[in-house]
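Here are some short exercises to work through with the model open. Try each task before you read its solution.

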Amino acid sequence: MNMQNNIKAEGVSTPLSPRRGAGGEAVFVYIEIEGKNVAEVSQELLTKGRKLANELSVELHAVVIGTDIKGKVEDQILPYGVDKLFVFDGEGLFPYTSAPHTEIVVNLFKEEQPQICLLGATVIGRDLGPRVSSSLTSGLTADCTELEIGSYESKKDGKVYENLLYQIRPAFGGNIVATIVNPDHRPQMATVRSGVMQKALYDGEYRGEVVYPEVEKYVSPEAFLVKVLEHRVEAAKHNLKGASIVVAGGYGVGSKEGFDQLFQLAKVLHGEVGGSRAAVDAGWIDHDRQIGQTGVTVHPKVYIACGISGQIQHIAGMQDSSIIISINSDPDAPINRIADYVIVGTVEEVVPKLIKYYKQNSK
């Protein structure tokens, strides 16, 4: 039985980091870059960070670290409503390596004492986030699907905490949705996958201040002992996250050959193909096409779910689709409860008909 309960778990961390005052602290976003280009996930987090900062009546700050980036990244960051941007520009800061970036962020946060820190749940964010969190004994929630502001009453002493960050994510194999709070330690840290939040330029008022701190004051020479000998970025094979039409298959597709039909349907619709974790684990589709909590989050205009049962982990990656069409032989499949249209039948009999009739009506 798949339970979709909502629970609150109190953040656990060591007593070495005392609670700091809640007034005037900023929401911080760590900006990830590739060369001189800001990662899309960082712009998505800036959009969410701006909303959180407005709700808390505090400023939105950001930090970006790289080499020869001064004057080349600011316009990609400030328009999302950033009040203050810290640009650390120096040799050896790109490509990313753990030690210098960790030292810079930790020392900056000791000065600025942010209330909240958001990072992308990327290769870099998954490395940097825990290191910063451990150094500041602040706690960290990974792979959040929602971020909200709310209150929390401690069951231990009855104390009520206001304006905490609700760090929401599926837990225990996706059987529950957990709301995690961190009442006593700062910053409250969370990572979010690319595509979970939607980016938008900010049309309100913000300060847009940019500062260029001296790198040497924040990082030691020893942090640069590890050198990157080769840095190579492989281009994406598809545009699943940005597709307006997504055809997704689950275990109900039945085979790798069954996915060939989904690729044919996606081709005639000018869409992309994705899959559930069960289909990926079965080897029927590549891992980089996995949609859900542990895969890609998509926001298409049309989402066609073929043979997908609709576990909460998968729903987390596609629930914001404008129109959801479910093709399933089980009329009681969980995904049918959120679908706009339900076609009861097997993928083998329905998909070829969709291809046939679309071709006929598109001439």
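**Exercise 1.** Find out why Cys117 forms no disulfide with its closest cysteine.

*Solution.* Start with the sulfur of Cys117: the closest cysteine sulfur, in Cys144, is 12 Å away, too far for a bond. A disulfide here means a pair of cysteine sulfur atoms within 2.5 Å. Next, search the whole structure, and you get zero disulfides. Last, check the cover: Cys117 is buried, with a relative accessible area of 2%, and Cys306 is buried too, at 0%. (Buried is under 20% relative accessible area, exposed over 50%, partly exposed in between, using a 1.4 Å probe and protein chains only.)

A quick note on the model: it's predicted, so local features need pLDDT of at least 70 and side-chain atom pairs count only at pLDDT 80 or more, while totals for chains, interfaces and linings use all residues. Residues are numbered from 1 along each chain as its sequence is written, and side-chain values use heavy atoms, with hydrogens and water left out.

**Exercise 2.** Work out where Ser57 and Thr137 sit, and whether each is buried or exposed.

*Solution.* Take Ser57 to begin with: its phi is positive, about 60 degrees, though it is not a glycine. Ser57 belongs to the loop between α1 (40-56) and β5 (60-66), and at 68% relative accessibility it is exposed. Now Thr137: this non-glycine residue has a positive phi of about 45 degrees. You'll find Thr137 in the loop between α3 (123-136) and β8 (140-144), and at 15% it is buried. (Helices, H or I with at least four residues, and strands, E with at least two, are DSSP runs numbered from the N terminus.)
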